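Good morning, and thank you for the opportunity to present. I would ask you to keep the structure in view while I speak.

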Amino acid sequence: MAEYDTYIVGDFKDMVEDVETVTVIRDLTPGKKKYNSMYAKVLISKDEKKYPNTLRVRLGRGQLVDKGCSVDVVEIVNVIPPGL
Amino acid sequence: MAYKYYKDNRAFIEACLKTGDAIEVNEEVDWDLEMGAIVRRTCEKKGPAVFFKNIKDYPGFQCVGAPIATYRRLAIALGMDPNSKVPEISAEYLKRTADESKGLPPKVVTNAPCQQVVLQGDDASLWNLPAPMVHDGDGGRYIGTWQFVVAKDLDTPFVNWGMYRQMAFDEKTMAGPVLPFSDMGKMWHNKYQPKNIPMPFAVVVNPDPLSAIASCAPAGIAEAEFTSLLMGEPVEVTKCITSDLYVPAHAEIIIEGVLVPNVTIDEAPFGEYTGYRTSPREKRTVYRVNCITMRKNPIMAMSNMGVPTDEGQILRSFSLALELDKLLRAQGIPITGVYMLPESTHHLMVVGVKPIYTNIATQIAQLAWGSKLGPWFHMVVVVDEKTDIYSKDELIHALSTKCHPVRGIRVTEHGVGSPLNPFASPEERVYSRAPKVLFDCTFPLEWPQSMVPIKVSFDSVYPKEIQERVLAKWNTYGFKD
């Protein structure tokens, strides 16, 4: 089980659940690569036990939402054109 | 003739340690928030720079925090006595930079210290650098807070050195705002990106202090030449490994790569120079990394933006004010000087002027806002030539007593502004719009002389011989100062 966080621009109550969505998640595993970000297709739930990984949610200006969530990382999405 | 200056930040840190303007921290500190918290606190206490010698996860690396977050350290960077007053530091800066035509092209050297270690391929990973997590809640680790970006215009020889922040997104990618009214923004948004051409860049992390100061200065010439004015001789540069860009030879770390056209990725939020986290998570310009070079035992650098005072506020206030000073004098305005309070996060410009004609304050404000420096500030206070522009007491007194609440306050609604303005509406931020306001603290010239209020102070309402007698006997009366 890994731990990630993500930023949402809108209100936490409006956060989309259980629908495959492409968003940015950050890997919170301690060490030199902590905070490595990636675009990923994910499934998110406000139920912290529904998906295999822990997800912390932050609002657009960095405010941490108290409620723990969970995430399933379906696939990593590369947004940089090949060769660059 | 070269002035006294420091060729690299190592010598500058050494000088600051000697004067008590820096401290060494030998205990291991965590790059994840602990270094940031220490630097933030010393900025808020106007304390010393911090030289971290032992960083968790990164043996062999060191880091300096808050290198020029006080006027004392700015004076040291310019080779001056750290006790120099702001007007003295300003006068020295103006003396060195008054004639921009004397700027010298950089001197190219080989075997540069900044290329003692070269990382390419998989080794050129941003995670091999101790980029700090500066504030809790930031969108990522900010590798670029005390650095500048070198970029060359697409179809002219112009080379820009500018301080644009960068967040490490992944091991090969950084992101950050490149505002369209900035020098690099004009190149990128108007030339490279419309033609879908990647733009080579080099990020210079922890440069020598005068190159850093030049990169913050809104000068009329290329920053490398401006650096030569501050040094009194050409700055030494070396060619990048992967591009034709040239970087200061004595910098600590260089990150090379290209800006990726027509792709944006999430960046921010970040604790900003205004003292707030204003701009939200947004899609911003992408920097793709292909090479990292550095000195042996490299020193990372961190500026921790937040409430005053950090080096962004000190240096931008200082250089913006003095470039505006040059601009106004060049237009023949009889100013006594220009000062920006660092505590205003370079939003409030104070100008002293001899009001020789009506509405001279309006003319000053219009010139300032109409210049390329205009987007960075929105408040102009104009005081008369007898007011000390460096004195907060005199400024507050003039503002509170001489500025008419209707006639003296003039609002310009449709100006260009920074999206980082905390007061701006979400729409104003999106379109970089900002209203501007002038506070005219001069009495109207059309008032008859008999109607003009007389300032009541020791200097103004006693005969000279009384003043001299009192001053001569001051200690005799029993005063200690």
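Let me begin inside chain B, with A398(B), which is found in helix α10, residues 392-402. Please note at the outset that this is a predicted model. Is A398(B) buried or exposed? Its relative accessible area is 4%. Buried means under 20% relative accessible area, and therefore A398(B) counts as buried.

Which residues does A398(B) touch, once its neighbours within four places in sequence are left aside? The contacts are with V383(B), C403(B) and C441(B). To give a sense of distance within this chain, consider A398(B) together with A124(B): they are 274 residues apart in sequence, and their C-alpha atoms are 56 Å apart in space.

How confident is the predictor? For chain B, the mean pLDDT is 96, and 100% of the residues reach 70 or more. For the complex, the predictor gives an ipTM of 0.98 and a pTM of 0.95.

I turn now to the backbone. As general background, most peptide bonds are trans, and most residues other than glycine have a negative phi. Several places in this model deserve attention with that in mind.

In chain B, the bond joining A268(B) and P269(B) is a cis peptide bond, with omega at about 0°. Where does P269(B) lie? This residue is in the loop between β14, residues 253-267, and β15, residues 282-294. Another cis peptide bond joins P308(B) and T309(B), and here omega is about 15°. T309(B) belongs to the loop between β16, residues 299-302, and α8, residues 311-330.

Next, the phi angles. N359(B) is not a glycine, and its phi is positive, near 65°. You will find N359(B) in the loop between β18, residues 348-353, and α9, residues 360-370. With a relative accessible area of 46%, N359(B) is partly exposed.

Chain A offers an example as well. D18(A), again a residue other than glycine, has a positive phi near 60°. Its place is the loop between β1, residues 3-8, and β2, residues 21-27. The relative accessibility of D18(A) is 37%. Partly exposed covers the range between 20% and 50%, so D18(A) falls into that class.

Having arrived at chain A, let us consider the chain as a whole. How many helices and strands does chain A have? There are 0 helices and 5 strands, and along the sequence the pattern reads β-β-β-β-β.

What of its overall dimensions? For 84 residues, a compact globule would have a radius of gyration near 12 Å; chain A has 13 Å, which agrees. Taken along the principal axes, the C-alpha atoms of chain A fill a box of roughly 40 × 30 × 25 Å.

Of the 84 residues in chain A, 44% are buried. Among contacts in chain A with a separation of 6 or more, 51% are between residues 24 or more positions apart.

Finally, the surface and the charges. Chain A has an accessible surface of about 4600 Å², and carbon and sulfur atoms contribute 52% of that area. The chain carries 13 positive and 13 negative charges, and the mean positions of these two sets are 6 Å apart.

To close, I would ask you to return to the helix where we began, α10 of chain B, and to locate the buried residue A398(B) there for yourselves. Thank you for your attention.

Key: Residues numbered from 1 in each chain as written. Chains lettered and ligands numbered in written order. Predicted model: local features only at pLDDT ≥ 70, side-chain atom pairs only at ≥ 80, totals over all residues. Heavy atoms only, no water. Helix = DSSP H or I, 4+ residues; strand = E, 2+ residues; numbered from the N terminus. Rg over C-alpha atoms; globule rule 2.2 N^0.38 Å. Buried < 20%, exposed > 50% of the residue type's maximum accessible area, 1.4 Å probe, protein only. Contact = heavy atoms within 4.5 Å. Areas by Shrake-Rupley, 256 points an atom, 1.4 Å probe, with all protein chains shown as cover. Lys, Arg positive; Asp, Glu negative; His and termini not counted. Charge placed at Lys NZ, Arg CZ, Asp CG, Glu CD. pLDDT = per-residue confidence, 0-100.
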